[in-house]
Amino acid sequence: MASGEDLIDVRPDERLDIMRLADYLEARVEGAEGTPTVRQFSGGHANLTYLLTYPGAEYVLRRPPRGPVAPGAHDMEREHGVLEKLWAAFPPAPRSLFYCADDSVIGAPFFLMERKSGVVVRKEVPAEFGQGEDPRQNRKLSEVVIDTMVAFHHVDPAAAGLATLGRPEGFLERQVEGWTRRWHAAAEEQGDDAEALIAWLRSHLPRSNRVTLVHNDWRLDNMAVHPADPGRCVAVYDWDMCTRGDPLADLGTTLAVWYDRDEEPSELNPMPTTTDGWMTRADAIERYAAATDVDPSDVGYYVVFGSFKMAVILQQIYIRWARGQTRDERFATMGGAARRLLRLAEQRAG
């Protein structure tokens, strides 16, 4: 699914019952013969992703995080339903091959998909692309985020077999209200921090005129690029929130963590956006607008909403750690990071 450096031994509190899983899959999935070697992809913060290696096959297994999850979130059946079709119309999407709704196998629903390998770029540009010292390579990495998003938004939902996915009517309003509910459910003593921002999002809701497929968590670290060319996307991951709706919601999610040099990044900074050659946020907006006929002046609201949404995601991850639902110490500081993103959202709202 990603470059080898992302693979780790399975974390102790996220282990699978390998023997039970192997017995279940052997009669149901081609190539799943015997007991697989299981390793874990380390990069994700929510859904858990594993590599199952058999003598003659490899599969990627996806399951929800441990502990309670927000209603409608981490929906493995939905993600499987998207990926068993989307790959034919949008090749960077991995093909899903098998879905299991039986919680008794590993403790949660899960699905298996093909492994699509590439380089996942996170906070720093890796050595194969110049470690941030090559402006041309940095520019390519920034362009591939926008250009692949444009290609995805040009996919015809009907041609992809996803014409009935989601409910586009009222999409943006439901998004604002849904993420507001998630904030209140996860915020605890921080519950009042976001009220002024939530009021702004409700009162400035734009008229949404375009309908496309929407990924809903579009970021560079949810993509993989070719090892020889950072301008070539080979995979896009994490499709559990995919739907049909306003494509600018995807752009806003991406631009929320597309920090310019005069901005202090939050802890969630999955793109090295201040390296030499990287497009500014304004450049990224112009590039997307030129390829889609969007008015650039319409994008500002979506950046604010995307900043709020990313803050909620961080808070949801943090509260799972605070409540003892995970022992992953990466999550311990994310409550503070969520509040910093809320402040940034308020600044961007003006």
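**Helix α7 and its surroundings: group meeting talk**

Let me begin with R244, which counts as buried because its relative accessibility is 16%, and buried here means under 20%. This arginine sits in strand β10, and its C-alpha atom lies 12 Å from that of H154, although the two residues are 90 apart in sequence. I should say at once that what we are looking at is a predicted model, and I will try to keep my wording within what such a model allows.

Staying for a moment with the strands, the loop between β9, residues 229-236, and β10, residues 243-245, contains D238. The phi of D238 is positive, near 60°, and this residue is not a glycine. For context, most residues other than glycine have a negative phi.

Now to the helix that I would like to spend some time on, α7, which covers residues 281-292. At 1.5 Å a residue its twelve residues should span 16 Å, and the C-alpha atoms at its ends are 17 Å apart, which agrees. Which residues of α7 are buried? They are R281, A284, I285, Y288, A289 and T292, and, seen down the axis of α7, the buried residues fall within an arc of 130°, so they line one face of the helix. The general background is that an α-helix has 3.6 residues a turn, so residues three or four places apart point the same way.

What does α7 meet in α3, the helix of residues 135-153? From α3 come R139, E143, I146, D147, M149, V150 and H153, and on the α7 side they meet D283, A284, R287, Y288, A291 and T292. Sorted by character, the residues of this contact divide into six nonpolar, two polar and five charged. As for the geometry, the axes of the two helices, α3 and α7, come within 10 Å and cross at roughly 35°, and the crossing is a right-handed one.

Next, consider what lies on either side of α7 along the chain. In the loop between α6, residues 248-256, and α7 we find D260, which is partly exposed, with a relative accessible area of 21%. Setting aside residues up to four places away in sequence, D260 touches T274, T280 and R281, and R281 is one of the buried residues of α7. By contrast, the C-alpha atoms of D260 and M113 are separated by 36 Å, with their positions 147 residues apart along the chain.

Following α7 comes D293, with a positive phi near 65°, and this residue lies in the loop between α7 and α8. Is D293 buried or exposed? With a relative accessible area of 74%, D293 is exposed.

That loop leads us to α8, residues 300-322, where F308 has its place. F308 is buried, with a relative accessible area of 0%, and, leaving aside neighbours within four places in sequence, F308 is in contact with W179, T180, W183, A194, L197, I198, L201, L342 and A345. From F308 to T243, 65 residues away in sequence, the C-alpha distance is 19 Å.

A second buried residue to look at is L341, in helix α9, residues 334-349, where the relative accessibility is 0%. Not counting residues up to four places away in sequence, L341 touches A256, Y259, S266, S307, M310, A311 and L314. L341 is also 9.0 Å from V257, C-alpha to C-alpha, though these two are 84 residues apart in sequence.

Finally, let me turn to helix α1, residues 18-26, whose buried residues are L21, A22, Y24 and L25. They cover an arc of only 165° around the axis, which puts them on the same side of α1. What do the buried residues of α1 pack against? Their partners are the strands β3 (48-54), β4 (57-63), β5 (96-100) and β6 (110-113).

To close, I would leave you with two pictures from this predicted model: α7 has its buried residues along one face and crosses α3 at roughly 35°, while α1 has its buried residues on the same side, packed against strands β3, β4, β5 and β6.

Conventions: Residues numbered from 1 in each chain as written. Predicted model: local features only at pLDDT ≥ 70, side-chain atom pairs only at ≥ 80, totals over all residues. Heavy atoms only, no water. Helix = DSSP H or I, 4+ residues; strand = E, 2+ residues; numbered from the N terminus. Expected span 1.5 Å × (residues − 1). Buried < 20%, exposed > 50% of the residue type's maximum accessible area, 1.4 Å probe, protein only. Arc of directions from axis to C-beta. Axes fitted to C-alpha atoms, helices over the stretch in contact; angles between N-to-C directions. Left-handed = near helix turned anticlockwise from the far one by under 90°. Contact = heavy atoms within 4.5 Å. Nonpolar A, V, L, I, M, F, W, Y, C, P; charged D, E, K, R; others polar.
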